[in-house]
Amino acid sequence: MMTSYTKVASGEENDNFVKEQLSNGKIVNKGIKVKSKITIPFYQLSGAMYVTTDYSNDMKFIYNERSLGIFLKETKNLIQIRRGSSIEIHDFFFNE
């Protein structure tokens, strides 16, 4: 899911590069940071702009500068996860 989130938030299409950056770095507000450098910058969207992608047959991911949205197609429910929570989830899985 973090790979798909990063791809929709940045436009980066190379799965292997995204996975490598996620493994070696961390999610910050402006993108993926490895050591002290942003290696994958996130889109800088203004106002109520969103970027979407199909994650699976059941879900869509929706990105804006403040949150990750997970749209459940069957029920048409939208769950929003604030950026800070996405950062905490990544830290939990990748940092000891």
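**Note on a predicted 96-residue model**

1. Thr-3 makes a useful starting point, and, leaving aside residues up to four places away in sequence, this residue touches Asp-15, Val-18, Lys-19 and Leu-22. The structure discussed here is a predicted model, which should be kept in mind throughout. Thr-3 lies in helix H1, and with a relative accessibility of 15% it counts as buried, because the cut-off for that class is under 20% relative accessible area.

2. The surroundings of Thr-3 fit into the wider picture of H1, a helix that spans residues 2-10 and is mostly covered, with 7 of its 9 residues buried. The buried residues of H1 are Met-2, Thr-3, Tyr-5, Thr-6, Val-8, Ala-9 and Ser-10. Just after this helix comes Gly-11, which takes a positive phi of about 85°.

3. Helix H2, which covers residues 15-24, has Val-18, Gln-21 and Leu-22 as its buried residues. When the helix is seen down its axis, these buried residues fall within an arc of 100°, so they line one face of H2. Asn-16 and Asn-24, by contrast, are exposed on the other side of H2. Two of the buried residues of H2, Val-18 and Leu-22, have already appeared among the residues that Thr-3 touches.

4. What, then, covers the buried residues of H2? The cover includes two helices, H1 (2-10) and H3 (83-94), together with strand S1 (26-28), strand S2 (31-34) and strand S3 (37-41).

5. Turning to the protein as a whole, the model has 3 helices and 7 strands, and these follow the pattern α-α-β-β-β-β-β-β-β-α when read along the sequence. The radius of gyration is 13 Å, close to the 12 Å that the globule rule gives for 96 residues, so the protein is as compact as a globular protein of that length. Taken along the principal axes, the box that the C-alpha atoms fill is roughly 40 × 25 × 25 Å.

6. Some overall values may help a reader who is placing these local features in context. Of the 96 residues, 33% count as buried, and the accessible surface of the protein comes to about 6300 Å², with 49% of it belonging to carbon and sulfur atoms. Among the contacts with a separation of 6 or more, 30% are accounted for by residues 24 or more positions apart. The protein carries 13 positive and 11 negative charges, and the mean positions of these two sets are 6 Å apart.

7. Two lysines deserve a closer look for their backbone angles. Most residues other than glycine have a negative phi. Lys-35, although it is not a glycine, has a positive phi of about 55°; this residue lies in the loop between S2 and S3, and with a relative accessible area of 79% it is exposed. Lys-76, likewise not a glycine, has a positive phi of about 60°.

8. Where does Lys-76 lie, and is this residue buried or exposed? Lys-76 lies in the loop between strand S6 (67-72) and strand S7 (77-82), and at 63% relative accessibility it counts as exposed, because the cut-off for that class is over 50%. For both lysines, then, a positive phi goes together with a place in a loop between two strands.

Technical notes: Residues numbered from 1 in each chain as written. Predicted model: local features only at pLDDT ≥ 70, side-chain atom pairs only at ≥ 80, totals over all residues. Heavy atoms only, no water. Helix = DSSP H or I, 4+ residues; strand = E, 2+ residues; numbered from the N terminus. Rg over C-alpha atoms; globule rule 2.2 N^0.38 Å. Buried < 20%, exposed > 50% of the residue type's maximum accessible area, 1.4 Å probe, protein only. Contact = heavy atoms within 4.5 Å. Areas by Shrake-Rupley, 256 points an atom, 1.4 Å probe, with all protein chains shown as cover. Lys, Arg positive; Asp, Glu negative; His and termini not counted. Charge placed at Lys NZ, Arg CZ, Asp CG, Glu CD. Arc of directions from axis to C-beta.
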